[in-house]
Amino acid sequence: MERLCGPERPFWVANQTLHTERPDLPECFQLSVLSWLPCIYLWAVCPIYLFYLKKNNRGYIMMSIMNRFKTVFGLLLWIVCWIDLFYTFHELRQGYSQPPIYFVTPLVLGMTMLLATFLIQFERLRGVQSSGVLFIFWFLSVLCAIVPFRSKILQASSQSEVTDKLRFTTFYFYFGLVVCELILCCFNEKPPLFSNVVTDPNPCPETTAGFLSTLTFWWFTSMAIKGYKMPLEAKDLWSLNQRDSSKVMVPKLMKEWEKEQCKAKSEQNLSSQAVYSKPLPSTTNHVGGGGGESSPEEVEVLLSNQKAAQRQPSFLRALIKAFGPYFLIGSAYKVLQDIITFVNPQLLRLLISFTKQKDAPDWWGYSLAFLMFFTAVLQTLILHHHFQYCFVTGMNVRTAIIGAIYRKALVITNAAKRSSTVGEVVNLMSVDAQRFMDLTTFLNMLWSAPLQIILALYFLWQNLGPSVLAGVAVMVMLIPFNSVIAMKTRAYQVEQMQYKDSRIKLMNEILNGIKVLKLYAWENSFKEKVLAIRQKELNVLRKTAYLGALATMAWTSAPFLVALTTFAVYVTVDENNILDAEKAFVSLSLFNILRFPLSMLPQVISSIVQASVSLKRIQGFLSHDELDPNSVDRKNTATEYSVAVINGKFTWAKEDPPVLHNINVMVPQGSLLAVVGHVGCGKSSLISALLGEVEKLEGEISVQGSVAYVPQQAWIQNATLRDNILFGRPFNEQKYHCVLDACALTPDLEVLPGGDMTEIGEKGINLSGGQRQRVSLARALYSDADVYLLDDPLSAVDSHVAKHIFDNLIGPEGVLKGKTRILVTHGISFLPQVDNIVVMVEGRVSEMGSYQELLSQNGAFSEFLRNYALEDIMEEDESTDELIENEELFPDDALSNHTDMVDNEPVVNEAKRNFMRQLSIISADGEKPRSRSVRRHGCSQRKASEPQEKQKSHETEKLIQAETTETGRVKMKVYVEYAKAVGPLLSVFICFLYACQSAAAIGANIWLSQWTNDASKNQTQENVHMRVGVYAALGIAQGILVMMSSFTLAMGNIGAARKLHYNLLVNKLHTPQSFFDTTPIGRIINRFSKDVYVIDEALPATVLMLLGTVFTCLSTMIVILSSTPIFAVVIVPLAFIYVFVQVLRKILLMCQMTLCSSFLCKVVTLPLPGMACRMHVDAAAFCNLSVLAFVSP
């Protein structure tokens, strides 16, 4: 540097820089290091940044006024720098030689300013609205220019006049322009011209936030202010970023999972190619001839071993590939935060050394205090960016897992549905997916904790020497202890999840059959069944809680034990080792850094154990066999048959016997095919085979065009009547009213309180059986499909309604004429009007042909037709005559006020029809009791319709109310109720134990402070044993109190979990039936699954953290106030800042309930696999809503 700056300009002068009251940096240091540092940064980053901009083109930004100013200022900076360069050449020509630094620095700065100006324009052309690279460059330039700024002012004030006026002037021009560039860089440019148009009315500001706003989370300020002014609701949140939506996340995970499945299958195929030599046929009758032959038993063992060694697809690897890169960005922030964490102990060492030096300049202390504050702020900023990435990754993982499970539940085979119950699937989506999100938050601690421990031990070695090895030995001894706890916890977790699945399955069965359960007064017996399973679950939870209490004692006592053994060994191994304030408190700060990784590592290991159990469960569920989408050929358009089954053989599960044999059915396009037969002969199984819902063993199936399906049991959504019919399709008024007329729903709209906007309850609770079936028919008709599969849709309606629907919808002159229709029916009166009839007997096609052909064959079934056809026709004629005769007795609704046949069982329906036929024939010439009953029914209905007409003028009240959540702060009543559940005396005792534990910790620190004072009094060797003994006694007392408080808290939490679940169960079993009619089952199930999980597992950990934090804060404030009373002034502003931040996560509970409700009412009874696309949209919307509360800091 002497050659570069000259001998009269030294690079470093300690007396001028450090040991003076007015410090200043030498001119050579300013011209070289401070001037080159921003330039080196920009030139180093530029190639990578240019490559990034080339790959990411966001559009074209018009040159704005701000961009013009940036460019002009950049050119002026280049001119100013090169003015200095040319002035140096001018001085050289005048005979005044300057050192080389005066040539190099202006040249480097000028070239760098040209590069910065080029980047300004290139970023504009690539659509960059805010540049982080240039912001850092201008910030470094201003920061490095502050020292010359002050230095030149000091030189000018100490001299009578400025010697180098040109360079003095150009520098301040340079400084002003750099400051202007920095200010301009804080603002955003306009959006690019060719970017995607943002149509969202409430977009998230994060996507358009500038670099500085993103760095400081300033974009979130408006939401924090709104949350402070009023409680936040879901409608107050910004829209979800597209990259975090389930539309992006779920396919991302599914793509990687499919790759893993393909890889596993390919490896399995390679392994199955191993050739086993087939033994030659024996030429003799001797058994066992030929020693080289393998016996069948040996071959079977080899094959079984081969199957056992088959590689399963790894769901963990799919998660890592899908979300690992984004998560690694947060890991990089964590590395920086870990490194910065150890800066403060070193600054503390310097600060303590500064207090010992009487002649040290005061600015040393101020600088060290500022550096400690700056590193703390920087550490917090980096840590929050780390958590932001971790939280977003966790939510994305949870969203993707829920979406993957949801999609899988739609396509698994019937055999898989037997092993995976509804309770298990609900737990997979609520509990297991949540565990992955919770783990992702602190997953980096798995490598960060060992890194922090190694760095802390290194600095402790520098401070205390080999004595640290004693502390290392303590930590090593704790590793097997924590490992045993983790292994036992894993085993208990598996057992607990089994009990949880059984309990949720039983609760789902209870809630689905709650009406029957209440009618038979079976509440107590089923309550005992649930409580028996709950007791087993609590027993496992108690064991887990006790293990957790031992783990808590271990990680709480670990830092103290390490400190105790280290200090004790340090002062006893050598008399010259003196434990002074610097060694003690720097070591304590390092031990406090050790506290977090030592406490978090066991918890992370425990979370990994829990997540591994969930991973195995999810992987097992996602590995279930799926229905083959290619089992039904939908692309065969060459044939004239719309539906064709050739030599079909089908079974519900591969291990079950076939239910359909040798099926051969050809349905021409536009024809109407009726499928008839006795109960259990395979009619519905044939429809399921055409849908692809059963396993195809042999044969071929082809279906041309789209398919609409009407099941025996009508499938109704919790939505308005119109939404149930439209099912996500656009509204066409003319087509819509045509559908209503064909399905005989128009009269019903006059009766329903809100017309077609009436909300239909879950499972169509406020509709009759016939109305539900007609809504299902209307949905199928509105879909305008090519093939209609109608599984006995007329069994739930009266005969005259069935005739209306057949004539106007299904029959030869109905709306569906020209469409291919396959009708499963027991109504013999409709058979003469169909094109072909298929007769099913014991899973086989017995006969097939037209109505006349079947009668002419004189088979057993034709006799059945002859016997019942006449009676059916007579009954139909009589019903028609009665309907015409009594038309005036009906109100406007002649189709809704009849008595629908709610039961769908064919046997019951047939019995009812026979009874009605007999009653009709007997009373044909008599008093016609049916007419009287209809008349009375009509009169009563007319009276009942009057108040309904009055209600129409008022706003229709929603049947299913949206679930409300408490807003604002958690009320004190909630804490009191939980304390009552734990037990009032037990709660007070737990708080007392925590207070004693904090008192022991305070006493240990005060005692250590007194111990370090012995060094100044030269009494270090006199009281060593007494100091170590008391310090150890206080620490051991703290550990014992921690163990007692943890065990007591675990007992209280288990008792609270038992009481709260018992009260919830008793309350729901004694709730009136009207509550279950107006409340989605998923909402209730979520109370027993996710909320009980929170009480069982999440809340105890939260209570433990709450008590520990509260008493730690109280003890810290007590100690600080006792030594520095002025600190009381700072407490109130700090408390205000903490209260200012509102928590958004409570919205998740409402969103997850909606998703579970959607799953239970849509997936479990989903009638048509083709509807899965629509269900995916609903599930994605609910998942997106649940993410909103978590993607913000």
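Q: A crossing is left-handed if the near helix is turned anticlockwise from the far one by less than a right angle, and right-handed if clockwise. So which hand does the crossing of α14 and α21 have?
A: Heads-up: this is a predicted model, where local features need pLDDT of at least 70 and side-chain atom pairs count only at pLDDT 80 or more, while totals for chains, interfaces and linings use all residues. Residues are numbered from 1 along each chain as its sequence is written, and side-chain values use heavy atoms, with hydrogens and water left out. The helices are DSSP runs (H or I, at least four residues), as are the strands (E, at least two), numbered from the N terminus. For α14 with α21, the crossing is left-handed.

Q: At what angle do α14 and α21 pack?
A: Helix α14 covers residues 362–411 and helix α21 covers residues 581–622. Axes here are lines fitted to C-alpha atoms, for helices over the stretch in contact, with angles from 0 to 180 degrees between N-to-C directions. The two axes lie 10 Å apart, and the packing angle is about 35°.

Q: Which residues of α21 meet α14?
A: Contact means heavy atoms within 4.5 Å. On the α14 side you'll find Ile401, Ala404, Ile405, Lys408 and Ala409. Their opposite numbers in α21 are Ile618, Phe621 and Leu622.

Q: In what order do the strands of the six-strand sheet run?
A: Strands pair if DSSP finds at least two bridges between them. This sheet is open and its pairing is mixed, with β5 (707–710) and β9 (844–849) as edge strands that each pair on one side only. Neighbouring strands are turned by 15° against each other on average, direction ignored. The order is β5-β6-β7-β3-β8-β9.

Q: Which residue in β7 is the bridge partner of Leu789?
A: Strand β6 (residues 787–791) and strand β7 (residues 820–824) run parallel, and five bridges join them. Across from Leu789, the partner in β7 is Ile822.

Q: Which strands does helix α27 touch?
A: Two helices are worth a look here. Helix α26 (residues 769–782) lies across β5 and β6, running at about 180° to β5. Helix α27 (residues 799–810) packs on the sheet with its direction at about 160° to that of β7. The strands α27 touches are β3 (672–677), β6 and β7.

Q: Why is one side of β2 and of β4 left without a neighbour in the sheet?
A: The three-strand sheet is open, with antiparallel pairing in the order β2-β1-β4. Its neighbouring strands are turned by 5° against each other on average, direction ignored. One side of each goes without a neighbour because β2 (660–668) and β4 (695–703) stand at the edges, each with a single partner strand.

Q: Which residue in β2 stands opposite Gly648?
A: Strand β1 (residues 641–651) pairs with β2 in the antiparallel sense over six bridges. Helix α22 (residues 683–691) lies across β1, β2 and β4, at about 70° to β2. Opposite Gly648, β2 places Ile663.

Q: Is Ser151 buried or exposed?
A: Ser151 sits in helix α6 (residues 132–158). Leaving aside neighbours within four places in sequence, Ser151 is in contact with Asp24 and Gln30. Buried means under 20% relative accessible area, exposed over 50%, and partly exposed in between (1.4 Å probe, protein chains only). Its relative accessibility is 3%, so Ser151 counts as buried.

Q: What percentage of the chain's residues are buried?
A: The chain has 39 helices and nine strands. Among contacts between residues at least 6 apart in sequence, 82% join residues at least 24 apart. Of the 1193 residues, the buried part is 47%.
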